[in-house]
Amino acid sequence: MKRRNFTKEFKLDILRELESKTQAQVCREHNLVENVVCRWRKEFDNNPHKAFSGNGSLWKESAEIEKYKRLVGQLYAEN
């Protein structure tokens, strides 16, 4: 299984969502493991300025593309 990498912006968006939703909801919506999100939160709480300094690919965009591919496939099957 390929390990996914996430951008700093994606991680910060997830942490912002935690202000209005539960961790379980956010993890389900974005297909994330709760331990990963917990680690992101701790990293950000320990040092917000240096948190998430690594490079990552924007997984959110590729997930959206896959969602649309599935939708097109469903629509094609219905026709």
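How many helices and how many strands are there in the protein chain? There are 4 helices and 0 strands, and this is a predicted model. Read along the sequence, the pattern is α-α-α-α.

A word on confidence before the details. The mean pLDDT of the protein chain is 85, and 87% of the residues score at least 70. Among the elements, helix 2 has the highest mean pLDDT, at 94. Helix 4, residues 59–78, has the lowest, at 81. As a general caution, predicted coordinates should not be read in detail where pLDDT is low.

Next, the chain as a whole. It has 79 residues, and buried residues make up 23% of them. Taking the contacts with a separation of 6 or more, 56% are between residues 24 or more positions apart.

Let me go along the chain, starting with T7. This residue lies in the segment before helix 1, which spans 8–17. Is T7 buried or exposed? T7 is buried, because its relative accessible area is 13% and the cut-off for buried is under 20%. The T7 side chain also reaches into the helix that follows: it comes to 3.1 Å from the backbone nitrogen of F10.

Now helix 1 itself. Its buried residues are F10, K11, I14, L15 and E17. They cover an arc of only 160 degrees around the axis, so they sit on the same side of helix 1. The general background is that an α-helix has 3.6 residues a turn, so residues three or four places apart point the same way.

What does helix 1 pack against? One partner is helix 3, residues 34–46. The two axes are 10 Å apart, and the packing angle is about 95 degrees. An angle from 65 to 115 degrees counts as roughly perpendicular, and therefore that is how helix 1 and helix 3 are described. On the helix 1 side, the contact is made by F10, K11, L12, I14 and L15. On the helix 3 side, it is made by V37, W40, R41 and F44.

L15 deserves a closer look. This residue of helix 1 is buried, with a relative accessible area of 13%. Which residues does L15 touch, leaving aside its neighbours within four places in sequence? They are W40, R41, F44 and F52. L15 can also be placed relative to V37: the two are 22 residues apart in sequence, and their C-alpha atoms are 7.9 Å apart in space.

On to helix 2, residues 23–30. The buried residues here are Q23, V26, C27 and H30. Seen down the axis of helix 2, they fall within an arc of 100 degrees, so they line one face of the helix.

Right after helix 2 comes N31, in the loop between helix 2 and helix 3. What is the phi of N31? It is near 55 degrees, a positive value in a residue other than glycine. For context, most residues other than glycine have a negative phi. Is N31 buried or exposed? N31 is exposed, because its relative accessible area is 53% and exposed means over 50%. N31 and A63 are 32 residues apart in sequence, with a C-alpha to C-alpha distance of 9.7 Å.

To recap: the chain has four helices and no strands. Helix 1 and helix 3 pack roughly perpendicular to each other. The buried residues of helix 2 line one face of that helix, and N31, which follows helix 2, has a positive phi.

Conventions:
Residues are numbered from 1 along each chain as its sequence is written. This is a predicted model: local features need pLDDT of at least 70, side-chain atom pairs count only at pLDDT 80 or more; totals for chains, interfaces and linings use all residues. Side-chain values use heavy atoms; hydrogens and water are left out. Helices (H or I, at least four residues) and strands (E, at least two) are DSSP runs, numbered from the N terminus. Buried means under 20% relative accessible area, exposed over 50%, partly exposed in between (1.4 Å probe, protein chains only). A polar contact is a pair of N or O atoms within 3.5 Å; within protein, one must be able to donate a hydrogen and the other to accept it, and residues adjacent in sequence count only if both atoms are side-chain atoms. The arc is that of the directions from the helix axis to the C-beta atoms. pLDDT is the predictor's confidence in each residue, from 0 to 100. Axes are lines fitted to C-alpha atoms, for helices over the stretch in contact, and angles run from 0 to 180 degrees between N-to-C directions. Angles under 35 degrees count as roughly parallel, over 145 as roughly antiparallel, 65 to 115 as roughly perpendicular and the rest as oblique. Contact means heavy atoms within 4.5 Å.
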